[in-house]
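Visitor: I'd like to learn how to read a protein model at the bench. Could you walk me through it?

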Amino acid sequence: MGEQAGRRSWAEPWKIKMVEPLRMTTREEREEALKKAGYNTFLLPSRDVYIDLLTDSGTSAMSDRQWAGMMLGDEAYAGSVNFYHLEQTVQEVYGYKHLIPTHQGRGAEHLMSQTQIKKGQFVPGNMYFTTTKLHQELAGGIFVDVIIDEAHDPYSEFPFKGNVDIEKLDKLVKEHGADKIAYVSVAGTVNMAGGQPVSMQNIKELREYCDKHGILLYLDATRLVENAFFIQQREKGYKDKKVAEILREFTSYSDGAWMSGKKDHLVNIGGWVAVNDPEVADRLRNLVVVYEGLHTYGGMAGRDMEAMAIGIKESIDDDYIKARVGQVQYLWELLDNWEIPVVRPFGGHAVFLDAKAFYPHIPQHEFPAQTLAAELYLDSGVRSMERGVVSAGRDPKTGDHKYPKLELVRLTIPRRVYTEAHMDVVAESVKEVYRNAKNVKGLKMVYEPAYLRFFQARFERL
Ligand SMILES: Cc1ncc(COP(=O)(O)O)c(C=O)c1O
């Protein structure tokens, strides 16, 4: 209860109209399922999962308005009514002039990378994200992490650990010249850093820096509404502003953005890329027909674009976003009160467990976070995700594992799906796994795919 934490409680601004039954499993069944899945939670069939905190991507519950919108799908190949509704909504809420829809976020990343990066150019960003960086590299770019140092420290209490370190960026620009920078790539509530936000002051300063050097600034807008909420809560001068207003100010400092609509937009599929420059938009529109579909649907059905347009409006409601991030805070506080090692402060979409602190006896090449995700599933059927050495992949030059400072397990909370009672069950299971931590052994990787290995790699117990 909020009162026990010294604050007033809040509740969701919605009630439940339809439910989806969950299957409970025994420990023996979970042992069997996990072995079959090669100790990779991505390879578990969802029917074997009780509470699914693998991801907040495409896992949201849509509202009755969104489902009603699905019935208004105009499935014309060209010029669907729903495209114009979506275009108008993105223009109004995010402020960009030109919208190109895509099937999901990585489709947008692909188009942006292929049109905006020349071979050998650098792409500085606030910590890597798996698919974003891969598309930048496939386009011939070189990703450089320019996030502030605090982001790599799970226990730093800095409220905006997603910020760009402009000195690090400046060093790169001085070393190679501004024309060798494709663009600066800034993500809101940085996923790999624990869902940590970027401050308004930082994006403003970054805009000034980019203008001075003639460098473009693009956003990964995937969780920018959640970022805007943190600005409202944590940054001086924003507490009386609406999240919608903050979001609009934030995007005004950028030249465009790509979006995985499967997160903030409260839909199960879809994405977009949007820019202000008409020439860039033409290039994107030309490429979208090759990889996604015509520029007025880009891989989405008309009904999906309608649900997205409605979801965008719902996502910027202050009461909704408070309850959404509030649920993350609720789980985080339960764990923190039990002194379980979690990334601090709480982020926007997930609670991140520090696997290095759970298993100091397991070296990083034996995959402590992968192990922790497996143990949590075995204990209670709760599915989580590794965000450590497996996700970081290999150095393209040396072929060695990359060893990120953060070796985390992500308990990602789908939007409008679970109750606080589910969070209680999750917290108790994490506590139990933490209690048994010293008896646990690591894993060895027995199958490794070439790209984005965390999705399909297989492991065995050591
Ligand atoms: C920050 C961020 N950017 C981009 C993507 C890629 O989006 P999608 O999964 O829709 O392809 C994701 C997905 O997890 C993400 O979290």
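Guide: Let's go through strands, a helix, the cores and the surface in turn. Keep in mind that this is a predicted model.

Visitor: Which way do the residues of S7 point?

Guide: The general idea comes first. In a regular strand, side chains alternate between the two faces of the sheet. Now the case here: Gly256, Trp258 and Ser260 point one way from S7, while Ala257 and Met259 point the other way. Residues on both sides of S7 are buried.

Visitor: Why is S7 described as largely enclosed by the rest of the structure?

Guide: Count the buried residues. S7 covers residues 256-260, and five of the five are buried, so the strand is largely enclosed by the rest of the structure.

Visitor: Which strands pair with S7, and in what sense, parallel or antiparallel?

Guide: One partner is S6 (residues 217-220), which runs parallel to S7 and is joined to it by three bridges. Across that pairing, Asp220 stands opposite Trp258. Another partner is S8 (residues 271-275), antiparallel to S7 over five bridges. There, Gly256 faces Val275.

Visitor: What lies beyond S6?

Guide: S6 also pairs with S5, in parallel, through four bridges. Val186 of S5 has Leu219 as its bridge partner in S6. S5 (residues 184-187) shows the two-sided pattern again: Val184 and Val186 point one way, Ser185 and Ala187 the other, and all are buried.

Visitor: Take one residue, Ser260. What does Ser260 touch?

Guide: Start with where it sits: Ser260 is in strand S7. With a relative accessible area of 6%, Ser260 counts as buried, because the cut-off is under 20%. Leaving out residues up to four places away in sequence, Ser260 touches Ser57, Gly105, Thr222 and Gly270. Sequence separation can mislead you here, so to speak: how far apart are Ser260 and Gly107 in space? They are 153 residues apart in sequence, but their C-alpha atoms are 8.8 Å apart.

Visitor: How do I read a helix, then?

Guide: The general idea: an α-helix has 3.6 residues a turn, so residues three or four places apart point the same way. Now look at H9 (residues 243-252), where the buried residues are Val243, Ile246, Leu247, Glu249, Phe250 and Thr251.

Visitor: What covers the buried residues of H9?

Guide: The cover includes the helices H3 (81-94), H7 (200-213), H8 (224-234) and H12, along with strand S6.

Visitor: How many residues are in the largest nonpolar core?

Guide: That core has 93 residues, and those with the most contacts inside it are Tyr94, Trp272, Leu335, Leu353 and Leu411. Its largest share, eight residues, comes from H12. Another core lies apart from it, with 18 residues, among them Ala182, Val273, Val275 and Ala281.

Visitor: Is Gln329 in H12 buried or exposed?

Guide: Gln329 is buried, with a relative accessible area of 15%. It belongs to H12, which spans residues 318-337. Setting aside residues up to four places away in sequence, Gln329 touches Arg7, Trp10 and Phe346.

Visitor: And the outside: which residues make the nonpolar surface patch of about 310 Å²?

Guide: Trp14, Ile16 and Val19 make that patch. Val19 sits in the segment before helix H1 (27-36). Val19 is exposed, because its relative accessible area is 69% and the cut-off is over 50%.

Notes
Residues numbered from 1 in each chain as written. Predicted model: local features only at pLDDT ≥ 70, side-chain atom pairs only at ≥ 80, totals over all residues. Heavy atoms only, no water. Buried < 20%, exposed > 50% of the residue type's maximum accessible area, 1.4 Å probe, protein only. Contact = heavy atoms within 4.5 Å. Pairing = 2+ DSSP bridges. Patch = residues over 30% accessible without salt bridge, like charges linked within 9 Å, V, L, I, M, F, W, Y side chains within 5 Å. Areas by Shrake-Rupley, 256 points an atom, 1.4 Å probe, with all protein chains shown as cover. Salt bridge = Lys/Arg side-chain N within 4 Å of Asp/Glu carboxyl O. Core = buried A, V, L, I, M, F, W, Y, C linked by side-chain atoms within 4.5 Å.
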